[in-house]
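Hi everyone, thanks for making time for this. I'd like to walk you through one structure, a piece at a time, so please have a look at it on the screen.

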Amino acid sequence: MRLSWILPCFLLVGAQEPTGVGYDDTPRLPGQKWRVHDKARPAPPVVAPGAHGAPPSDAIVLFSGADLSAWQHEDGSAAKWKLTEGAMAAGGGDLVTKQGFGSCQLHLEWRSPNPPKNDSQGRGNSGVYLMGRYEVQVLDSWQNVTYADGQAAALYGQQPPLVNACRAPGEWQSYDIFFRAPVFGDNGALASPALVTVMHNGVLVHHAQALLGATAHRAVASYSAHPDRLPLKLQDHGDPVEYRNLWIRPLE
Ligand code: MG
């Protein structure tokens, strides 16, 4: 293929125009408006991926180490968590984002205190609450036994992770969370549950797992209808768990 053909195609891809490459006489895909290999189907937008967990070009950066301006406490007061060498440490109450989110891709890194203190749920406890109500547990689960649905990367009180991929206390760990928000009908009844996929340190620990409802302690979770977008929450459970490099990509 000549270069003069390749270049216009590349530019078209960046503009989300139809690729112009493919077919217009193939069968239609069930449930889609497109044919198989449809030449009219637009190419996905191009983004520059970030290296080593850095945010891609279309991400909303929630915390880069510099300031807490994307966050506040639930009563609307200024975020009191301490900034510590490019990270923020839990203390002073749960933090919520000022912006609301629904379905999303979320990346974050966390580190539990070293040396560790206490046992079970008392060791490095925090949590990532999608939409402020669906917790992916943060806990030091390195040689620390607790109930299975409460360990690191558990969907708290509902589903243990497929494996324990926890690093030692004092080491940075990553969560990559892919979340599809629940859908409620006009009458407030649940139409489809939330689905969560989680990578812990690059290891798949939940795969399109359906949630039973909003996180509960010593009770079965259940849903109650809520808005399409709600703040993300980080739990202050009394342990100075640190976070860094938080970014999110709304998927809507
Ligand atoms: Mg927790």
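Let's begin with one residue: in which strand is the place of Glu109? Glu109 sits in strand E6. And please keep in mind as we go that this is a predicted model.

So, is Glu109 buried or exposed? Glu109 counts as buried, because its relative accessibility is 10% and the cut-off for buried is under 20%. Its side chain has polar partners, though. There is a polar contact with the side chain of Arg244, at 2.8 Å, and a polar contact with the side chain of Asn245, at 2.8 Å. If we set aside neighbours within four places in sequence, Glu109 is in contact with eight residues that you can pick out on the screen: Gly53, Trp172, Gln173, Ser174, Glu242, Tyr243, Arg244 and Asn245.

Now let's look at the strand itself. Of the 8 residues of E6, 7 are buried, so the strand is largely enclosed by the rest of the structure. Which strands pair with E6? One is strand E15, residues 242-250, which runs antiparallel to E6 and is joined to it by 7 bridges. In that pairing, Arg111 stands opposite Glu242 of E15. Another is strand E9, residues 173-180, again antiparallel to E6 and joined by 7 bridges. Here His107 is the residue that faces Asp176 in E9.

Staying with E9, let me point out Phe178, which lies in that strand. Phe178 is partly exposed, with a relative accessible area of 31%. Beyond its neighbours within four places in sequence, Phe178 is in contact with Cys104, Gln105, Leu195, Val196, Thr197 and Met199. For a sense of distance, Phe178 and Ile248 are 70 residues apart in sequence, and their C-alpha atoms are 9.9 Å apart in space.

One of those contacts of Phe178 is Cys104, which brings me to the cysteines. Cys104 is buried, at 2% relative accessible area, and Cys166 is buried too, with a relative accessibility of 9%. How many disulfides does a search of the whole structure find? The answer is 0.

Next stop, the metal. Which residues are the protein donors of the magnesium ion? They are Asn125 through OD1, Ser126 through O, Glu135 through OE, Gln137 through OE1 and Gln235 through OE1, and they lie 2.2 to 2.4 Å from the ion. Written as a sequence pattern, the spacing of these donors is N-S-x8-E-x1-Q-x97-Q. Take Asn125 and Glu135 as a pair: they are 10 residues apart and link distant parts of the chain, with Asn125 in the loop between strand E6 (104-111) and strand E7 (126-130), and Glu135 in strand E8, residues 134-138. Asn125 is buried, with a relative accessible area of 2%, and Glu135 counts as buried at 3%.

A quick look at a hairpin. Strand E12, residues 195-200, pairs with strand E13, residues 203-210, in the antiparallel sense over 5 bridges. Val198 stands opposite His206 in E13. The hairpin has 2 residues between its strands, and Asn201 in the turn has a positive phi of about 55 degrees.

Finally, let's zoom out. The domain assignment splits the chain into domain 1 (17-46) and domain 2 (50-250). Taken over C-alpha atoms, the centres of domain 1 and domain 2 are separated by 37 Å. Thanks for listening!

Conventions:
Residues are numbered from 1 along each chain as its sequence is written. This is a predicted model: local features need pLDDT of at least 70, side-chain atom pairs count only at pLDDT 80 or more; totals for chains, interfaces and linings use all residues. Side-chain values use heavy atoms; hydrogens and water are left out. A disulfide is a pair of cysteine sulfur atoms within 2.5 Å. Buried means under 20% relative accessible area, exposed over 50%, partly exposed in between (1.4 Å probe, protein chains only). Donors are N, O and S atoms within 2.8 Å of the metal (3.2 Å for Na, K and Ca); water is not among the atoms, so sites may look incomplete. Helices (H or I, at least four residues) and strands (E, at least two) are DSSP runs, numbered from the N terminus. Domain bounds come from an automatic or database domain assignment. Two strands pair if DSSP finds at least two bridges between them. A polar contact is a pair of N or O atoms within 3.5 Å; within protein, one must be able to donate a hydrogen and the other to accept it, and residues adjacent in sequence count only if both atoms are side-chain atoms. Contact means heavy atoms within 4.5 Å.
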